[in-house]
Amino acid sequence: MPIQPLAPIPELFVSYESALKLKNEAADLPSWDMTPRQICDLELLMNGGFSPLKGFLTEEDYTSVVETMRLADGTLWPMPITLDVSQGFADGIEPGQDIALRDQEGVILAILSVGDKYTPDKAREAEMVFGADDIAHPAVNYLHNVAGPVYLGGAITGIQPPVHYDFRARRDTPNELRAYFRKLGWRRVVAFQTRNPLHRAHQELTFRAAKEAQANLLIHPVVGMTKPGDIDHFTRVRCYEAVLDQYPSATTTMSLLNLAMRMAGPREAVWHGLIRKNHGCSHFIVGRDHAGPGKNSQGEDFYGPYDAQDLFKEYADEIGIEMVPFKHMVFVQERAEYQPADEVAEDSTVLNISGTELRRRLAEGLEIPDWFSFPAVVAELRRTRPPRSQQGFTVFFTGLSGSGKSTIANAMMVKLMEMGGRPVTLLDGDVVRKHLSSELGFSKEHRDINIRRIGYVASEITKNGGIAICAPIAPYTATRRSVREMVEAYGAFVEVHVATSLEECERRDRKGLYKLAREGKIKEFTGISDPYEAPEAAELVVDTEGTEVDFCAQQVLLKLESMGLIAG
């Protein structure tokens, strides 16, 4: 395959003078404040990372991408890049209008000339793009429970890129990387995509890939949005910087990519290839289970280990970039070196530490051997992830009104305060309503907002090393999941389902609420006129019927102890 000359790639930005003029004119336009994922997409649209796209997909292009992995004109493009908005905002917008796209501070980044407004079939999008309409997949969950219901398509006029205050010297646009490669005379460049810290296996894999392709190496980690629960990008970049001196500086460089990953496995691999081609690379490493999101609702992997490699191979000529396929790398004790799993002699002793095992060792403060990772990387990870008994965490009680959540939560708070060591905050439903949510009613939407507020506060407490105890009803699975994701970015989330039966809760009815609900005087009351979606995978289930509060609180403490969150 001939290697393309590194000519500049088209960008969507206007000149500085035009940008100033547009900024002034934009004051009169309707504004959409973009979500973090939309900002990632917009940045790569404007700087050419998503070339040949000129904006967010219109319905014709969107349908074609979902169904055939191609734009309507036949160009290969596997991922729908869409601007999802709320129904309320969409109602006030018509095709032919311009809207200002702003960041979360209100700074204008671009103007969208709306060419199209449409309501997508999200179940179909999930099925075709991610392989299943299963909310165990983070992007499918995002699609159904976070993204707005209406998509706006149309061309983008770029005014200015989003501002990044971190690692500025490490961030490059496609044209900046192309210019760098041109300057150094790098014609063959192999890109390595990662969302995890680099350990010795990755180093071995990248060395071998560069050697095999006879190419220079671009370490190109994603710092936009990865999978919920991943290590934050600040820690990861510090880890990358700690190991860069293990690479020959004359043939290796590192640049950060502000991409919002979808974890779409095979389609994502093709997408990543196109993005790397736009950044001036000639080769791309596709490893085992590339961009896989883990397990589906049935506990099986969403994608086969080499599905991504197979799809990439199929489209390699069109992508215009060569794949360097890699098998799983394992450490062979007898040879004291890493080898691809399929090349290991039968009688060898293979050592391997999975991501789950690594997290366990970090959480419990256990040894991480030198053959697995670099001491400098382990030191960085330990700074961010101290042993669990020194981290903040959240205990989240959920159950029907009158189930005993608040009573157990209060007992828990006292017991944890007695133990000392970390500040403890109780976020009880009634107290939160008084101080954080006094303007909210009890509609489904308002109850949802209330729970998300509790989750946000709990995540901040957890991040800062404290213990948050929450005791709302929280009847909806999707909302509880979103709270879990908020908290798990910083520490453990322990869901406790207080599974007291409806009959028992109604029999207690201390506040007389069930009686009013039965009489129809309270609308949308959980358990009577509105469903309670019981958790299917809570860390602990307790029932207060016929048991002492003290016993229930003790069960929770034992659970925390077994998880290493409190010292025994």
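**Sheets, a hairpin and a buried aspartate**

An open sheet of three strands is found in this predicted model, with the order β13-β12-β14 and antiparallel pairing (strands are DSSP runs of E of at least two residues, helices runs of H or I of at least four, numbered from the N terminus; two strands pair if DSSP finds at least two bridges between them). Because β13 (337–340) and β14 (350–351) each have a single partner strand, they stand at the edges, and one side of each is left without a neighbour in the sheet. Helix α8 (residues 200–213) packs on this sheet and touches β12 and β13 (contact means heavy atoms within 4.5 Å). The direction of α8 makes about 60 degrees with that of β13 (axes are lines fitted to C-alpha atoms, for helices over the stretch in contact, and angles run from 0 to 180 degrees between N-to-C directions). Two bridges link β12 (residues 329–332) to β14, and V332 stands opposite V350.

Turning to β4 (residues 98–102), four of its five residues are buried (under 20% relative accessible area, with exposed over 50% and partly exposed in between; 1.4 Å probe, protein chains only). Strand β4 runs parallel to β1 (residues 31–33), joined by three bridges, and antiparallel to β5 (residues 108–118), joined by five. S31 faces A100, while L101 has A110 as its bridge partner.

D230 lies in the loop between β8 (216–221) and α9 (233–243). This residue is buried, at 14% relative accessible area, and, leaving aside neighbours within four places in sequence, contacts R195 and R385.

Residues are numbered from 1 along each chain as its sequence is written, and side-chain values use heavy atoms, without hydrogens and water. In this predicted model, local features need pLDDT of at least 70 and side-chain atom pairs count only at pLDDT 80 or more, whereas totals for chains, interfaces and linings use all residues.
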